[in-house]
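This report describes side-chain contacts and helix packing in one protein chain. The account begins with charged pairs and then turns to aromatic rings, cysteines and helices.

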Amino acid sequence: MASCEHCGTEFSPRRDDERYCCKGCEYVAVMIAEQGFEKFYDLKQGLAVAPVRSRPFEQHDFRWLDAKLAAAEKKAGESASAAHLDLGIEGISCVGCVWLIERLFTRHPGGIRAAANPASGRMHLEWVPGKCDLRPFLEELCQFGYVAAPVPGGGEHERRRLAARLGLCGAFALNTMGFSLPRYLGMPDDFEFAGLFRLIAFLSATLSMLVGGGYFIDRAWRALKAGSLHIDLPIALGLVAAYAGSIVGWALGSERLMYFDFVSIFVFLMLAGRMLQTSAVERNRRRLVRTQPVPVSVPVPNGGSRLAREDIEPGTRFLLEPGQALPTSGILLSKNADFSLEWIHGEADPVSFTTSSRLPAGAILLSREAVEIEAEETWESSLLAKLTAASTAERDSPGLDRLLRVYLLCVLALGLIALAWWSLHNAWLTGLQAMVSVFVVSCPCALGVAVPLADDLAAGAMERIGVFVRSSAIWSRLRRIRRVVFDKTGTLTLERPLLLNTGDVDALDDDAALALAVLTRDSLHPAARSLHEALGTRGRKLLDRHGPAEILETPGQGVRWETPEGAWSLGRAGWMAEPPTETGPGSELRHKGRLIARFQFQESLRPGAVETLQELTERGFQPEILSGDHPERVAELAGKLGIPPSHAAGGLSPEEKAARLRKLDRGDTLYLGDGANDSLAFDVAMVTGTPVVDRSLLESKADFYTLGSGLAFLPGLFRAAAARSRAVRSAFSFALVYNVTTVAISMAGHMNPLLAAVLMPISSLVSIAIVAMNSPRSGAIRG
């Protein structure tokens, strides 16, 4: 294994002199060196960040920018101030990225300030109205591996609301403690401000319940109505018991029942734990800003307007743009065009369709020009709509309902036993105090902070090896996994064919290299994209000097560029040859029919795939392959990976994949896939993951996604789950001892608000220390 010199990600080099994990990292590293931005690496301080992958070579759509720019400058003109705009940004991960983005923006005319935030995945831009063109800046960002997009909605609003609750409840907790402390220090009851102090403590605790307690009570109530138990239920029970008991104690003049300070502190700590738990997950959900290739609207022929995909009816005619997936099945009305059917049956090779051919929903247009389609169905009835529908089912941690049911029954039983015991001995007030104390001290305060911390530390350790967790419930479910099921194309193999003779690209003279760069620029064909990446910064410099060019495409054959010096072509072997020759494997670059270079490709396993599957097998996991690709190809790949033929199935439709997985799954399956044809299987598996590829779809549905090119992260993911489990078990053991002790003290009638207020933060600190000492470290999870 080696570490990438740009991003720090560990990878398996194919050559002894290989220094970068991907062509994207190599490209950006050269750009940084050429433009004098080496300080980036000093600021990065050796931190492993996400690999760049193909972002500098991809075609990015900034058509949304004009409307945003006009609105920002109009608003600036009305207020006579600088224009500003907030954008989402993909690829930012450290303070070095922040510095680099700021330097890039301020060298553009009219640029005032660029403030990027790695934690939120946001970028704030300020510029002089009418003096700054943002498009060149955003295009330059892409060259350095950062992709800007409109700020997506959703989780950010909820996170801000939770942060606002936390801030307010922190102030209320300080208020409550400040006005409760004099009572603990011996303030006499006849002190003239004693009543006012109690009133302020009551009001502060009430506000804590309304602002913060209501969050947990509402979630617990909704879970109960849905027929399930949630960790928020014991939290809500403790809060209600402490608050109600405090009001009763205040009315009866019993200091032993007044837990107002406990209520406020407990609400604050629980909100802090919840904020910690959700922040990393929401950050990873916002990290990717790329749009899905499934269009939400399509252009109308000869109209200039767009039609929402929900309004498509049988017989509707619309245009499908390059790189977009066909939302419904339809008839190709335009001239011949190339499509990728990888999402449908898993085969990566482009397929050429002729006029009047029937196209399945999900076919992705690879040709350079838009084509006209006549729809055969509505969006709602198309298979693609079913495959891309978001799953509404929330996977709970296994055994959580059972554990919470036993826990709550024990707490309720012990509280009622304490009340009954003391009532039988004519001390019902002591019994009421004992019952309330049992409910209060049995609140999962320590675990409410420690478990989110364990989740955050485990997620942080995985981020350092290029894996990003999107579900906080993933860790306990990972402990049940015994079977790991893979899709083939784009999951076990790289999403694009591997160029075997990269040296032939390096050996091209400038004229031939320029021709290759022109012919592959903005191409969506997998082989052409591999060639364009192989040119690296050399191709960029040649294109910068040359400018745009008109490319002629012959679907199913190749592309051609007419120059005064003669035609250049890139396509199937034998195409454009003079004299004609027999066809063979690979793609050929020709000038005036004369062969300049022949490029050979092969489908390639992801780096470290063989070693990873061998390690998983040795650790007791059963690898499986479910693919839509040809059964012969699947069997051949399974043989290379050491997977028995009975555990590798090919030629499966999306429905057949899901049905096969349903038979295999015993609540112990992790499914790793990357395309629309894996979506139904995602709904079945216990844990789901996806590698982020060019035409991404499943990141919003997966429990985790990875930005690296290899599979070596999988054993590390299981090691992180095991380390997190050990940390949580240790915290649970301490919590058990703590609860048994404090419940015994409470049932004996010796618990009081001061003792509870002291024990609660101490137990939380001890739990946090236990988790911190036992949680996964990035070095340990690498093995």
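In this predicted model, R219 and D232 are joined by a salt bridge between their side chains, with an N to O distance of 2.7 Å. The two partners belong to distant parts of the chain, since R219 sits in helix α7 and D232 in helix α8 (residues 232-252), 13 residues apart. Their surroundings can be stated separately: R219 is partly exposed at 28% relative accessibility, whereas D232 is buried, with a relative accessible area of 0%.

**Further salt bridges**

Across the whole structure, the search finds 39 salt bridges. Side chains of opposite charge can pair when their charged atoms come close.

One of these bridges connects R358 and E376, whose closest N and O atoms are 2.7 Å apart. The R358 and E376 pair also links distant parts of the chain, 18 residues apart: R358 is in strand β13 (residues 358-359), and E376 is in the loop between β15 (371-375) and α11 (383-388). E376 counts as partly exposed, at 35% relative accessibility.

Another salt bridge brings together the side chains of R560 and E562, at 3.2 Å from N to O. Is R560 buried or exposed? With a relative accessible area of 18%, R560 is buried, because the limit for that class is under 20%. Its partner E562 is partly exposed, with a relative accessible area of 46%.

Salt bridges can also be followed beyond single pairs. A network of them links E34, R540, K541 and D544.

**Aromatic pairs**

How many aromatic pairs does the structure hold? The number is 22. In one of them, the ring centres of F191 and F193 are 5.7 Å apart and the ring planes stand at 70 degrees, so this pair is edge-to-face. F191 is partly exposed, its relative accessible area being 34%, and F193 is likewise partly exposed, with 38%.

F202 and F260 form an edge-to-face pair as well, with 5.7 Å from centre to centre and 70 degrees between the planes. Because F202 lies in helix α7 (residues 194-225) and F260 in helix α9 (residues 260-287), this pair ties together parts that are 58 residues apart in sequence. Both F202 and F260 are buried.

Ring pairs also build a cluster, which consists of F179, F191, F193 and F197. The F191 and F193 rings described above are therefore an edge-to-face pair with both residues inside that cluster.

**Cysteines**

The structure holds zero disulfides. C25 is in no disulfide, and the nearest cysteine sulfur, which belongs to C22, is 3.6 Å away. A disulfide would require the two sulfur atoms to be within 2.5 Å, so the C25 and C22 sulfurs do not qualify. C25 is buried, at 0% relative accessibility.

Why is the sulfur of C94 not bonded to that of C97? The sulfur of C97 is the closest cysteine sulfur to that of C94, but at 3.7 Å it is too far for a bond. C94 also counts as buried, with 5% relative accessibility.

**Helix packing**

Two packed helices are described by the angle between their axes and the distance between the axes. The following table sets out three such pairs.

| Helix pair | Angle between axes | Axis distance |
|---|---|---|
| α24 (residues 713-747) and α25 (residues 753-774) | about 155 degrees | 8 Å |
| α8 and α13 (residues 428-441) | roughly 150 degrees | within 8 Å |
| α13 and α24 | roughly 165 degrees | within 8 Å |

The α13 and α24 axes cross at roughly 165 degrees, which makes α13 roughly antiparallel to α24. Their crossing is right-handed.

For α24 and α25, the angle is about 155 degrees, and α24 is therefore roughly antiparallel to α25. The crossing of α24 and α25 is right-handed.

The α8 and α13 helices are also roughly antiparallel to each other, because an angle over 145 degrees falls in that class. Their crossing is left-handed.

Helix α8 thus enters this account twice: D232 of α8 is joined to R219 of α7, and the axis of α8 comes within 8 Å of that of α13.

Methods: Residues numbered from 1 in each chain as written. Predicted model: local features only at pLDDT ≥ 70, side-chain atom pairs only at ≥ 80, totals over all residues. Heavy atoms only, no water. Buried < 20%, exposed > 50% of the residue type's maximum accessible area, 1.4 Å probe, protein only. Phe/Tyr/Trp six-rings, centres within 6.5 Å; stacked < 30°, edge-to-face > 60°. Helix = DSSP H or I, 4+ residues; strand = E, 2+ residues; numbered from the N terminus. Salt bridge = Lys/Arg side-chain N within 4 Å of Asp/Glu carboxyl O. Axes fitted to C-alpha atoms, helices over the stretch in contact; angles between N-to-C directions. Parallel < 35°, antiparallel > 145°, perpendicular 65-115°, else oblique. Left-handed = near helix turned anticlockwise from the far one by under 90°.
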